[in-house]
Amino acid sequence: MKIKEVRELETNDLVEKLENAKTALETLKLNHQVSPLENPSQIKAARRDIARMMTELNSRNK
């Protein structure tokens with residue numbers, strides 16, 4: 001998800017997507033621990049998406 005897409009979202013939608021992304025990241029990590037993922041860079045991409053969403057939320061709350 002690009003920063004432009006994050007900025008276009010409403011705050012409620014952004015919070016919901018953030019929660020979904022966090023659970024998806026935990027699932028990815030768990031699956032990777034059990035058996036290695038084919039593409040482990042998915043974890044890195046998920047972390048960065050979460051960071052983008054959190055940054056936007058923090059800037060809106062100020």
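Biologist: How many salt bridges does the structure contain, and what makes a pair of residues a salt bridge?

Modeller: The count comes to three salt bridges. The rule requires a side-chain nitrogen of Lys or Arg within 4 Å of a carboxyl oxygen of Asp or Glu. This is a predicted model, in which local features need pLDDT of at least 70 and side-chain atom pairs count only at pLDDT 80 or more, while totals for chains, interfaces and linings use all residues. Residues are numbered from 1 along each chain as its sequence is written, and side-chain values use heavy atoms, with hydrogens and water left out.

Biologist: Why is the contact between Glu56 and Arg7 called a salt bridge?

Modeller: The closest N and O atoms of Glu56 and Arg7 are 3.7 Å apart, and the limit is 4 Å; therefore the pair qualifies. The two residues link distant parts of the chain, since Glu56 lies in helix α3 and Arg7 in helix α1, 49 residues apart. Helices here are DSSP runs (H or I, at least four residues), numbered from the N terminus, and strands are runs of E with at least two residues.

Biologist: Why is Glu56 called buried, and why is Arg7 called exposed?

Modeller: Buried means under 20% relative accessible area, exposed means over 50%, and partly exposed lies in between (1.4 Å probe, protein chains only). Glu56 has 11% and is therefore buried, whereas Arg7 has 54% and is therefore exposed.

Biologist: What joins Arg7, Glu56 and Arg60 into one network?

Modeller: Glu56 also forms a salt bridge with Arg60, with the closest N and O atoms 3.0 Å apart. Salt bridges that share partners thus join Arg7, Glu56 and Arg60 into one network. Glu56 and Arg60 are separated by about one helical turn because they are four residues apart in helix α3. Arg60 has a relative accessible area of 26%, so this residue is partly exposed.

Biologist: What makes Arg52 and Asp49 a salt bridge?

Modeller: Their closest N and O atoms are 2.8 Å apart, which the 4 Å limit admits. Both residues lie in helix α3, three residues apart, about one turn of the helix. Arg52 is partly exposed, because its relative accessible area is 31%.

Biologist: What makes a group of charged residues a patch, and which residues form the positive one?

Modeller: Patches are made of residues with over 30% relative accessible area and no salt bridge; like charges are joined within 9 Å, and nonpolar side chains (Val, Leu, Ile, Met, Phe, Trp, Tyr) within 5 Å. Lys and Arg count as positive, Asp and Glu as negative, and His and the chain ends are not counted. The positive patch is formed by Lys29, Lys44, Arg47 and Arg48. Helix α3 (residues 41-61) gives the most to this patch, with three residues. Arg48 is found in helix α3, and its 49% relative accessible area makes it partly exposed. A negative patch is formed by Glu10, Asp13, Glu16 and Glu19; Glu16 has its place in helix α2.

Biologist: Why is Pro36 called exposed?

Modeller: Pro36 has 68% relative accessibility and therefore counts as exposed. This residue is found in the loop between α2 and α3.

Biologist: What is the confidence of the predicted chain?

Modeller: The chain averages a pLDDT of 95, and 100% of the residues score at least 70. pLDDT is the predictor's confidence in each residue, from 0 to 100. Helix α1 (residues 3-8) has the lowest mean among the elements, 94, and helix α2 (residues 11-34) the highest, 97.

Methods: Accessible areas come from the Shrake-Rupley method with a 1.4 Å probe; for residues, only the protein chains shown count as cover. The place of a charge is taken as NZ of Lys, CZ of Arg, CG of Asp or CD of Glu.
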